[in-house]
Amino acid sequence: MITPDTKDWTWVLERSCPDCGLDTPAVVREDVAGMVRANAAVWVELLAGERDGLGRRPSPDTWSPLEYACHVRDVFRMFDVRLGLMLAEDGPLFANWDQDVTAVEERYGEQDPAAVAVELAEAAERLAASFERVAGEQWQRTGNRSDGARFTVESFSRYLIHDPLHHLYDVTGVRY
């Protein structure tokens, strides 16, 4: 059983992550699109590995590499939707998303790694292209989570990139 993550990870906008090593505040917003693509390429490579190992959890309370990859795919999808809202609406409120419920309902651990690799790469490309289209004052447009966290597109880009990079660390142990 996976214990739900209830941490408020917005602290990564203020300081480096001691686990994965990403200095999130130093990330250049224009670099995020390339970072998304590079991250996706590593996930695709990991998903090409031996199938049995991909679905194996290192412990009962830790996702398998396949489950993490499904999560990253869905993060890319969700962040693209949220970015679109931020650019189209004034201060949108993001719908709640329970990543743990999604993992169970979508049966992450039973998905086909080859299909996940394709979907993850497609979602990453859409998100990267969306970030590449952001210009000028759009970086200061805002969006809000239901817990009160408020993002600009710029802070949102930095917050986003920590998630898939941190999950690569979770799976590989390699710091950014």
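The legends below describe an overall view and several close-up views of a predicted model.

**Figure 1. Overall fold of the predicted protein model.**
The protein contains six helices and two strands. Read from the N terminus, the order of the elements is α-α-α-α-α-β-β-α. The radius of gyration is 16 Å, close to the 16 Å that the globule rule gives for 176 residues, so the protein is as compact as a globular protein of that length. The C-alpha trace spans about 45 × 30 × 30 Å along the principal axes. Among contacts with a separation of 6 or more, 74% join residues that are 24 or more positions apart.

**Figure 2. Surface and charge of the protein.**
Buried residues make up 46% of the 176 in the protein. The exposed area is about 9000 Å², and carbon and sulfur atoms supply 51% of this area. There are 18 positive and 31 negative side chains. The centres of these two sets of charges lie 2 Å apart.

**Figure 3. Helix 3, residues 65–88.**
Helix 3 has 24 residues, which at 1.5 Å a residue should span 34 Å. The C-alpha atoms at its ends are 35 Å apart, in agreement with that expectation. Most of helix 3 is covered, with 18 of its 24 residues buried. One of the residues in helix 3 is Phe-76, the subject of the next view.

**Figure 4. Surroundings of Phe-76 in helix 3.**
Phe-76 has a relative accessible area of 0% and is therefore buried, the cut-off being under 20%. Leaving aside neighbours within four places in sequence, Phe-76 is in contact with Val-36, Asn-39, Ala-40, Leu-120, Ala-123, Ala-124, Leu-127, Leu-160 and Pro-164. Of these contact partners, Val-36, Asn-39 and Ala-40 fall within the range of helix 1 (32–47). Leu-120, Ala-123, Ala-124 and Leu-127 are buried residues of helix 5. Phe-76 and Leu-127 are 51 residues apart along the chain, and their C-alpha atoms are separated by 6.3 Å.

**Figure 5. Helix 5 and its cover.**
The 20 residues of helix 5 should span 28 Å at 1.5 Å a residue, and the end C-alpha atoms are 28 Å apart, which agrees. The buried residues of helix 5 are Pro-113, Val-116, Ala-117, Leu-120, Ala-123, Ala-124, Leu-127, Ala-128, Ala-129, Ser-130 and Phe-131. Their cover includes helix 1, helix 2, helix 3 and helix 6.

**Figure 6. Two loop residues, Ala-48 and Arg-107.**
Ala-48 lies in the loop between helix 1 (32–47) and helix 2 (51–54). With a relative accessible area of 67%, over the 50% cut-off, Ala-48 is exposed. Ala-48 and Pro-113 are 65 residues apart in sequence, yet their C-alpha atoms are 7.3 Å apart in space. Pro-113 itself is one of the buried residues of helix 5. Arg-107 is in the loop between helix 4 (99–105) and helix 5 (113–132). The phi angle of Arg-107 is near 50 degrees, a positive value in a residue other than glycine.

**Figure 7. Asp-163 in helix 6.**
Outside the residues up to four places away in sequence, Asp-163 touches His-71 and Val-75. Both partners fall within the residue range of helix 3 (65–88). The C-alpha atoms of Asp-163 and Phe-76 are separated by 9.7 Å, with their positions 87 residues apart along the chain.

**Figure 8. His-166 in helix 6, residues 153–172.**
His-166 has a relative accessibility of 7% and so counts as buried, being under 20%. Not counting residues up to four places away in sequence, His-166 touches Trp-9, Cys-17, Asp-19 and Cys-20.

Note on methods: Residues are numbered from 1 along each chain as its sequence is written. This is a predicted model: local features need pLDDT of at least 70, side-chain atom pairs count only at pLDDT 80 or more; totals for chains, interfaces and linings use all residues. Side-chain values use heavy atoms; hydrogens and water are left out. Helices (H or I, at least four residues) and strands (E, at least two) are DSSP runs, numbered from the N terminus. The expected span of a helix is 1.5 Å times one less than its number of residues. Buried means under 20% relative accessible area, exposed over 50%, partly exposed in between (1.4 Å probe, protein chains only). Contact means heavy atoms within 4.5 Å. The radius of gyration is taken over C-alpha atoms; the globule rule is 2.2 Å times the number of residues to the power 0.38. Accessible areas come from the Shrake-Rupley method with a 1.4 Å probe; for residues, only the protein chains shown count as cover. Lys and Arg count as positive and Asp and Glu as negative; His and the chain ends are not counted. The place of a charge is taken as NZ of Lys, CZ of Arg, CG of Asp or CD of Glu.
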